[in-house]
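This briefing sets out the computed features of one structure, arranged by topic for a computational chemist. The sequence and the model are shown below.

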Amino acid sequence: MRIVGVAALAAACSRQAAPYTPGLGEIMTLTQMRHAKLWLAGDAGNWPLASYELDELKEGFDDVVAFHPTHKDAPLPLSELIPKMMDAPLKDLGEAVAAKDRDRFAGAFDDLTKGCNGCHQATNFGFNVVTRPKNNPYANQSFQSPQ
Ligand code: HEC
């Protein structure tokens with residue numbers, strides 16, 4: 001009886017697809033989107049949305065550490081570079097958002113962007129340069145505060 005149960009379970013498992021692991025390029029493409037949306041939200045003074053995008057960015061970096069601790073072309077482990085380069089700017093941004101301070105937000109956002117590019121250089125992807133968004137590519141989302 002017990003053996004039959006185990007066999008049935010094994011058969012059920014073998015029919016399931018392997019768990020999906022996002023590629024680093026995929027996580028980075030989402031990171032690029034969050035980075036743009038974070039700017040658009042903070043620039044509009046929409047602090048709840050900025051806070052949300054900041055959390056999503058952090059989750060993306062947690063996924064890099066969990067799923068891609070190393071990269072074949074990078075001389076240093078990504079799991080070391082992320083805390084070293086991102087923790088300070090992410091913390092500053094969190095404080096600027098909590099204080100609803102646009103000037104501080106703008107400075108902290110530029111520091112974050114420097115961190116992104118610093119890590120691209122450290123991983124031999126220095127040709128990949130991110131900047132403050134020059135316009136809003138998301139015509140189907142409002143970045144203004146609804147209140
Ligand atoms: C751990 C260091 C690291 C940090 C921090 C980092 N990146 Fe990356 N990024 C990479 C690596 C490595 C690649 C190349 C990934 C690959 O092999 O596909 C990459 C690729 C990219 C790409 C190219 C994706 C594509 O397919 O076109 C974009 C855009 C990008 N990153 C944006 C960002 C932004 C925005 C930030 C900061 C908010 C950031 N990255 C922070 C390491 C980092």
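What is the volume of the largest pocket? The largest pocket has a volume of about 430 Å³, and of the 20 residues in its lining, Leu24, Met28, Cys116, His120 and Asn128 are the closest to its centre. The model is a predicted one. Its protein chain contains five helices and zero strands, and two of the residues just named, Met28 and His120, are the protein donors of the iron atom of the ligand.

**Overall architecture**

- Read from the N terminus, the elements of the protein chain follow the order α-α-α-α-α.
- The protein chain has 147 residues, of which 37% are buried.

**The largest pocket**

- Four helices each contribute at least two residues to the lining of the largest pocket: H2 (24–43), H3 (47–67), H4 (78–98) and H5 (102–122).
- Helix H2 gives the largest share of this lining, with seven residues.
- By residue class, the lining of the largest pocket comprises 11 nonpolar residues, nine polar residues and no charged ones.

**The iron site**

- The iron atom of the ligand is bound on the protein side by Met28 through SD and by His120 through NE2, at distances of 2.1 to 2.4 Å.
- The arrangement is octahedral because the six donor atoms around the iron atom subtend angles of 85 to 179 degrees.
- This pair of donors joins distant parts of the chain, since Met28 belongs to helix H2 and His120 to helix H5, 92 residues apart.
- Met28 has a relative accessibility of 29% and therefore counts as partly exposed.
- His120 has a relative accessible area of 14%, so this residue is buried.

**The second largest pocket**

- The second largest pocket holds about 180 Å³ of space.
- H2 and H3 are the elements that supply two or more residues to its lining.
- Residues that line the second largest pocket include Tyr20, Glu26, Arg34, Glu56, Glu59 and Asp63.
- The lining of the second largest pocket consists of five nonpolar, two polar and five charged residues, whereas the lining of the largest pocket has no charged residues.

**Cysteines**

- A disulfide is a covalent bond between the sulfur atoms of two cysteines.
- Zero disulfides are found in a search of the whole structure.
- Cys116, which is among the residues closest to the centre of the largest pocket, is buried because its relative accessible area is 12%.
- Cys119 also counts as buried, because its relative accessibility is 13%.

**Backbone and segment details**

- Most residues other than glycine have a negative phi.
- Lys100, although not a glycine, has a positive phi of about 50 degrees.
- Lys100 lies in the loop between H4 and H5, and this residue counts as exposed because its relative accessibility is 57%.
- Asn124 is likewise not a glycine and has a positive phi, of about 70 degrees; its place is in the segment after H5.
- Pro137 is located in the segment after H5 and counts as exposed because its relative accessibility is 55%.
- Although Pro137 and Met33 are 104 residues apart in sequence, their C-alpha atoms are 9.5 Å apart in space.

Notes: Residues numbered from 1 in each chain as written. Predicted model: local features only at pLDDT ≥ 70, side-chain atom pairs only at ≥ 80, totals over all residues. Heavy atoms only, no water. 1 Å grid on protein atoms, 1.4 Å probe; cavity = no way out; pocket = protein on both sides within 12 Å on 5 of 7 lines; lining within 4 Å. Points joined across faces, edges and corners; volume = space filled by probe spheres on them. Nonpolar A, V, L, I, M, F, W, Y, C, P; charged D, E, K, R; others polar. Donors = N, O, S within 2.8 Å, 3.2 Å for Na, K, Ca; no water. Tetrahedral: all angles 85-135°; square planar, octahedral: opposite > 155°, others 65-115°. Buried < 20%, exposed > 50% of the residue type's maximum accessible area, 1.4 Å probe, protein only. Disulfide = S-S within 2.5 Å.
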